[in-house]
Amino acid sequence: MLKGSCLCGEVAYTVAGPVESASHCFCTMCQKQHGAGAGTYANVARADLRIERGEDNITEFASSEQGRRAFCRRCGSTLFWRSEETPDRIAVTLGTLDTPFTDPVGIELHTDTRPSWLPHGPAA
């Protein structure tokens with residue numbers, strides 16, 4: 001089981017089921033929302049996600065016709081990403097996890113907009 005929360009602690013969630021895949025998304029929308037080179041997500045079944053507290057502190061932004069980005073309205077922590085095209089799936093931001101995530105992050109999306117300032121491969 002994965003457990004996560006936002007920066008201020010108002011929102012807490014659990015994921016009971018397995019992670020289908022984990023990815024780094026280098027699209028410019030993820031970069032802007034995360035304030036980082038990528039957004040990193042674990043894709044899970046929507047039915048396995050439970051909001052334990054603070055559901056009324058979660059708000060969504062429609063970043064595209066299909067994409068919805070959920071965040072804490074108090075502290076701004078990015079919590080989830082979902083697509084209207086796949087309502088049974090949701091992506092949890094790995095940076096909000098309170099439990100260790102040990103699966104590999106094996107997918108890189110939108111590498112054409114990967115920032116040149118990000119390191120490539122292991123440091124020497």
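**Notebook: strands 7 to 9 and the largest pocket**

I began at strand 8, which is joined to strand 9 (residues 89-93) by 2 bridges, the two running antiparallel. Worth jotting down straight away: this is a predicted model. Strands 8 and 9 make a hairpin, with 5 residues between them. I looked up who faces whom, and Trp81 stands opposite Ala91 in strand 9.

**Other side of strand 8**

Next I went to strand 7. Strand 7 covers residues 67-72 and strand 8 covers residues 78-83; they pair in the antiparallel sense over 5 bridges. Here, too, I found a hairpin with 5 residues between the strands. I checked the turn and noted Gly76, with a positive phi of about 85 degrees. Trp81 turned up again, as the bridge partner of Arg69. So I have Trp81 matched with Arg69 in one pairing and set opposite Ala91 in the other.

**Aromatic pair**

How many aromatic pairs does the structure hold? I got 1. Tyr13 and Phe80 form it, edge-to-face, at 5.2 Å centre to centre and with 70 degrees between the planes. The pair links distant parts of the chain, since Tyr13 sits in strand 2 (residues 12-15) and Phe80 in strand 8, 67 residues apart. Buried or exposed, I wondered about Tyr13? Tyr13 comes out at 1% relative accessibility, so I put it down as buried. Phe80 has a relative accessible area of 4%, so Phe80 goes down as buried too.

**Ala91**

Back to strand 9, where Ala91 is placed. Ala91 counts as buried because its relative accessibility is 8%, and the cut-off is under 20%. I listed its contacts beyond four places in sequence: Tyr41, Ala42, Asn43, Leu79, Phe80 and Trp81. Phe80 in that list is the Phe80 of the aromatic pair. I also took one C-alpha distance, Ala91 to Ala38, and got 14 Å for two residues 53 apart along the chain.

**Arg89**

Arg89 is in strand 9 as well. I looked at its burial: the relative accessible area is 18%. The cut-off for buried is under 20%, so Arg89 counts as buried. What does its side chain reach? I found a polar contact of 2.8 Å with the side chain of Asn43. Leaving out residues up to four places away, Arg89 touches Glu20, Asn43, Val44, Ala45, Arg46 and Arg82. Asn43 is thus on the contact lists of both Arg89 and Ala91.

**Thr40**

I moved over to strand 4 for Thr40. Thr40 has 19% relative accessibility and therefore counts as buried. Its side chain makes a polar contact with the side chain of His24, at 2.8 Å. Past four places in sequence, I have Thr40 in contact with Ser23, His24, Val92, Thr93, Leu94 and Val105.

**Largest pocket**

Last stop, the largest pocket, which holds about 430 Å³ of space. I counted 24 lining residues, and those nearest the centre are Ser23, Tyr41, Trp81, Ala91 and Leu109. Trp81 and Ala91, the opposite residues from my opening entry, are both in that central group. Which element gives the most to the lining? Strand 3 does, with 5 residues. I also noted which elements supply at least two residues each: strand 3 (19-25), helix 1 (28-34), strand 4 (39-45), strand 7, strand 8 and strand 9. That brings me back to the strands I started with, since strands 7, 8 and 9 are on that list.

Methods: Residues are numbered from 1 along each chain as its sequence is written. This is a predicted model: local features need pLDDT of at least 70, side-chain atom pairs count only at pLDDT 80 or more; totals for chains, interfaces and linings use all residues. Side-chain values use heavy atoms; hydrogens and water are left out. Two strands pair if DSSP finds at least two bridges between them. Helices (H or I, at least four residues) and strands (E, at least two) are DSSP runs, numbered from the N terminus. Rings of Phe, Tyr and Trp (its six-membered ring) pair if their centres lie within 6.5 Å; planes under 30 degrees apart count as stacked, over 60 as edge-to-face and the rest as tilted. Buried means under 20% relative accessible area, exposed over 50%, partly exposed in between (1.4 Å probe, protein chains only). A polar contact is a pair of N or O atoms within 3.5 Å; within protein, one must be able to donate a hydrogen and the other to accept it, and residues adjacent in sequence count only if both atoms are side-chain atoms. Contact means heavy atoms within 4.5 Å. On a 1 Å grid over the protein atoms alone, a cavity is a set of points where a 1.4 Å probe fits but cannot get out, and a pocket is an open set with protein on both sides within 12 Å along at least five of seven lines; lining residues have an atom within 4 Å of a point. Grid points are joined across faces, edges and corners, and a volume is the space filled by probe spheres set on the points.
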